[in-house]
There are 2 protein chains.
Amino acid sequence: MTKGSKEKEEKERNQQGVLVLNKAVSLLMELSKFKYEAELSELAQRTGLNKSTASRILATLERWKLVRQNPSTRRFSLGHVLIHLGNLASSQLSLPELFHFRLEKLMELTGETASLVILDKDKAVYIDQVPSKSMIRSFPEVGASVYLHCTAVGKILLSGMPRERAEKLLESASLPAFTCKTITNPQALLKQIEEIKLKGYSVDDEETELGGRCIAAPVRNSRGDVVAAVGISGPSSRVTPERIPELAKIVIEVAKEISNELSLPSFTQK
Amino acid sequence: MTKGSKEKEEKERNQQGVLVLNKAVSLLMELSKFKYEAELSELAQRTGLNKSTASRILATLERWKLVRQNPSTRRFSLGHVLIHLGNLASSQLSLPELFHFRLEKLMELTGETASLVILDKDKAVYIDQVPSKSMIRSFPEVGASVYLHCTAVGKILLSGMPRERAEKLLESASLPAFTCKTITNPQALLKQIEEIKLKGYSVDDEETELGGRCIAAPVRNSRGDVVAAVGISGPSSRVTPERIPELAKIVIEVAKEISNELSLPSFTQK
DNA sequence: TTTCCTCATTTCACAATATGCAACGAGGTT
DNA sequence: AACCTCGTTGCATATTGTGAAATGAGGAAA
């Protein structure tokens, strides 16, 4: 990191809000980058704070156990109260509240509309979404539900079920064909689902609407169950077959980030 | 809560450290008590802070996403960065660092020496401990390892293994008798272990040393695996058979608290 | 619809409070 | 033993957070 960018950071920090708080959070954030413990001098240097200021702030945070100071080495690490607060935060926030900013990131990275979807009976329901900035963009609305058999997110949800349940669902439900590319044969779908499990992502190749392609990946809880799906959808002209691997990589990455943060003891759907 | 105690809280808060920080953390703590969202006025009232002060502090915390402000209702909840920090905190801290304060609590509640123990090969190793304040107290030292067959914590670790592994271990290892009460018959031990699984706690009834009794309970990760054991140990005169149920209840409670906070994605032993 | 509350936010003058320097005490290393 | 670097603290200064009141924004009641 150059000196210039550090000064810029400092400026930005002073821009708004309560100064001391910004300093304190800066310290927490810097501290969070360490694998184990960090010493005061380094933290002070990295945040651009005076050593005594950093010392006083860290001492205050230590009183609340937001940071821990190793009694023997006097080095700092994050404190156990943060774990407590983190757990409570995940119980206070709903899925979309928790991960909206990640969808924003996904949209920025891919340029396409990003969505978060969960299973509701035999449909996939959009619970959050960040629309693409392009003029030509995808359609889904929060709250809307779509079929499982012809959407990328739907296939991900199917791939997360026990095989028998997916079979039952596909055989009992009607599988309307929206385009000539829609797969309506349960056996063919089940075969594709096995492929999806291996690849880690799914594609809707104009199966819902001609001219639209989607890519999705699974969100898993700490037990490994698929609890949701994230995906992007855009016009076939931008989401070309050639770009699918590169885009899928991004979708999977974001889905994994969400999964990692979803390692919660008691997650309650809101 | 009375007005008096609130003023006292306020005094305490101003006692030491950076004032604004104490106020900010007070707000976070108060916010953490809510199931969903809280409004500024209530938070300000509960923490004894001026509304404008609270507003500024919360706005600053919101910029860092340590709290979230519902855009439509303007009510506050904990923010998603806390989840992130919580995860990192649990990766930075070792088991004893994470839970020392809980052992302190256990010691306070029971009056007896509290210990945290993990499995190492065919022994139980003390990785943390808070000694009783009594003159007559238990002996274990951090780093020391003890047998599984004659200690309360050891039996808990045995009860957490797949049955075959416990059998193998008990049959291949030598089971020295330290007192006349030590159980050295593998079959009898296995039977007791089944009981322990049902009751949720184990007892060492003078099996390691005459005049000493211990009670232990399992610490489980999010998958339900037993990853450690917490226990208390004290002289038979205080840890009487009659008190065992009440003491066991406390030990189990603390073990559960630890387990709940141990719902981490990537826990690495230090 | 209009009126009336209550809520969160912003303004501004004031003084309370965080700051940085320098000094200190404590470990660890050469 | 001498030296270096670490974290912490005292103190004078002014930077910075503060609270009362005003403002703006919703919602509920009439």
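This text describes how protein chains A and B meet DNA strands C and D in a predicted model.

Around DNA strand C there are 18 residues, of which A:Lys23, A:Thr53, B:Leu19, B:Leu40 and B:Ser41 come nearest. Of the atoms of DNA strand C within 4 Å of the protein, 70% belong to sugar and phosphate. Two polar contacts involve phosphate oxygens of this strand: a polar side-chain atom of A:Lys23 lies 2.7 Å from one, and a polar backbone atom of B:Val20 is 3.2 Å from one. A base is also reached, with a side-chain N or O atom of A:Ser52 placed 3.4 Å from a base nitrogen of DNA strand C. Helices H2 (19-32) and H4 (51-63) of chain A, and helices H2 (19-32), H3 (40-47) and H4 (51-63) of chain B, each give two or more residues to this surface. H4(B) gives the most, with four residues. By class, the surface near DNA strand C has five nonpolar, seven polar and six charged residues.

DNA strand D has 19 residues around it, and the nearest are A:Leu19, A:Leu40, A:Ser41, B:Lys23 and B:Thr53. Sugar or phosphate supplies 74% of the atoms of DNA strand D within 4 Å of the protein, and bases supply the rest. A polar side-chain atom of B:Thr53 lies 2.4 Å from a phosphate oxygen of DNA strand D, while the side chain of B:Asn50 has an N or O atom 3.4 Å from a phosphate oxygen. On the base side, a side-chain N or O atom of A:Lys51 is 3.1 Å from a base nitrogen of DNA strand D. H4(A) gives the most to the surface near this strand, with four residues. That surface has six nonpolar, seven polar and six charged residues.

Notes: Residues numbered from 1 in each chain as written. Chains lettered and ligands numbered in written order. Predicted model: local features only at pLDDT ≥ 70, side-chain atom pairs only at ≥ 80, totals over all residues. Heavy atoms only, no water. Near = heavy atom within 4 Å. Polar contact = N/O pair within 3.5 Å; in protein donor to acceptor, adjacent residues only side chain to side chain. Nonpolar A, V, L, I, M, F, W, Y, C, P; charged D, E, K, R; others polar.
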